[in-house]
Amino acid sequence: MLSTLIGIAACNADIPVKFYRTAGLINLFSEGKAKGSLTALKKKLNNAQILILDEFGYVPYDRAGAQLLFDYLSEIHEQKPVILNTNLEFSQWVNVLYDERMTTALIGRLTHHVELILFPGGNNRLRESSINETWNRINTQEVGNHGEK
């Protein structure tokens with residue numbers, strides 16, 4: 001939510017922003033490379049002054065797509081802010097990107113001049129979900145049934 005609000009504030013200040021789910025951008029990179037339109041895609045991305053990547057690491061990426069993401073983030077390193085949302089610790093990124101050297105290099109670039117914001121604790125969506133009410137009802141029934149035995 002914070003990255004979305006930053007993006008909206010930037011847009012309201014006439015600062016161009018691009019927002020992507022990371023897997024979606026990687027798919028665009030892979031498709032662009034296959035179709036020969038990768039340069040045009042990068043040019044479109046370069047029109048933005050801020051790049052927001054959401055859900056980094058929620059799904060594993062294909063090796064070629066991860067390399068294309070690395071290449072692009074390396075190209076724009078120190079040229080524009082990148083906001084990256086993830087629930088993975090840096091030590092787990094290699095499980096998504098597959099290549100230890102590339103993962104280390106990407107973490108180095110992204111953390112070079114960084115403002116790292118950590119949000120400890122549970123998942124707010126899950127905590128606020130109606131499933132909790134159902135879960136509590138089930139637990140209450142189980143506790144009640146165990147007491148009758």
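Visitor: Is Glu-55 buried, partly exposed or exposed?
Guide: This is a predicted model, and the call comes from the computed accessible area. Buried means under 20% and exposed means over 50%. Glu-55 has a relative accessibility of 26%, so the label is partly exposed.

Visitor: Which side chain does Glu-55 meet in a salt bridge?
Guide: In general, side chains of opposite charge can pair when their charged atoms come close. For a salt bridge, the nitrogen has to be within 4 Å of the carboxyl oxygen. Here the N to O distance is 2.8 Å, and the partner of Glu-55 is Arg-21.

Visitor: How many residues apart in sequence are the parts that this pair ties together?
Guide: Let's place both ends of the Glu-55 and Arg-21 salt bridge. Glu-55 sits in strand β2 (residues 50–56), while Arg-21 belongs to strand β1 (residues 17–21), so the parts they tie together are apart in sequence by 34 residues.

Visitor: And Arg-21, is that one buried, partly exposed or exposed?
Guide: Use the cut-offs again: under 20% is buried and over 50% is exposed. Arg-21 comes in at 46% relative accessibility, so Arg-21 is partly exposed.

Visitor: How many salt bridges are there by this rule?
Guide: Besides Glu-55 with Arg-21, Glu-75 and Lys-42 meet in a salt bridge, at 2.8 Å from N to O. That pair links distant parts of the chain, with Glu-75 in helix α4 (residues 63–75) and Lys-42 in helix α3 (residues 38–46), 33 residues apart. By this rule, the count is two.

Visitor: Which residue of the Glu-75 and Lys-42 pair is buried?
Guide: The cut-off for buried is under 20%. Glu-75 has a relative accessible area of 38%, so Glu-75 is partly exposed. With 16%, the buried one is Lys-42.

Visitor: How many bridges join β1 to β2?
Guide: These two strands run parallel. One of the bridges has Phe-19 with its partner Ile-52 in β2. The number of bridges joining β1 to β2 is five.

Visitor: What is the handedness of the crossover from β2 to β3?
Guide: β2 also pairs with strand β3 (residues 82–86), in the parallel sense and over four bridges. Leu-53 stands opposite Leu-84 in β3, and Leu-51 is opposite Val-82. Between β2 and β3 the chain passes through α4, and this β-α-β crossover is right-handed.

Visitor: How many of the seven residues of β2 are buried?
Guide: β2 has β1 as a parallel partner and pairs with β3 too. The strand is largely enclosed by the rest of the structure, because the number of its seven residues that are buried is five.

Key. Residues numbered from 1 in each chain as written. Predicted model: local features only at pLDDT ≥ 70, side-chain atom pairs only at ≥ 80, totals over all residues. Heavy atoms only, no water. Buried < 20%, exposed > 50% of the residue type's maximum accessible area, 1.4 Å probe, protein only. Pairing = 2+ DSSP bridges. Right-handed = clockwise from strand over helix to strand, strands pointing away.
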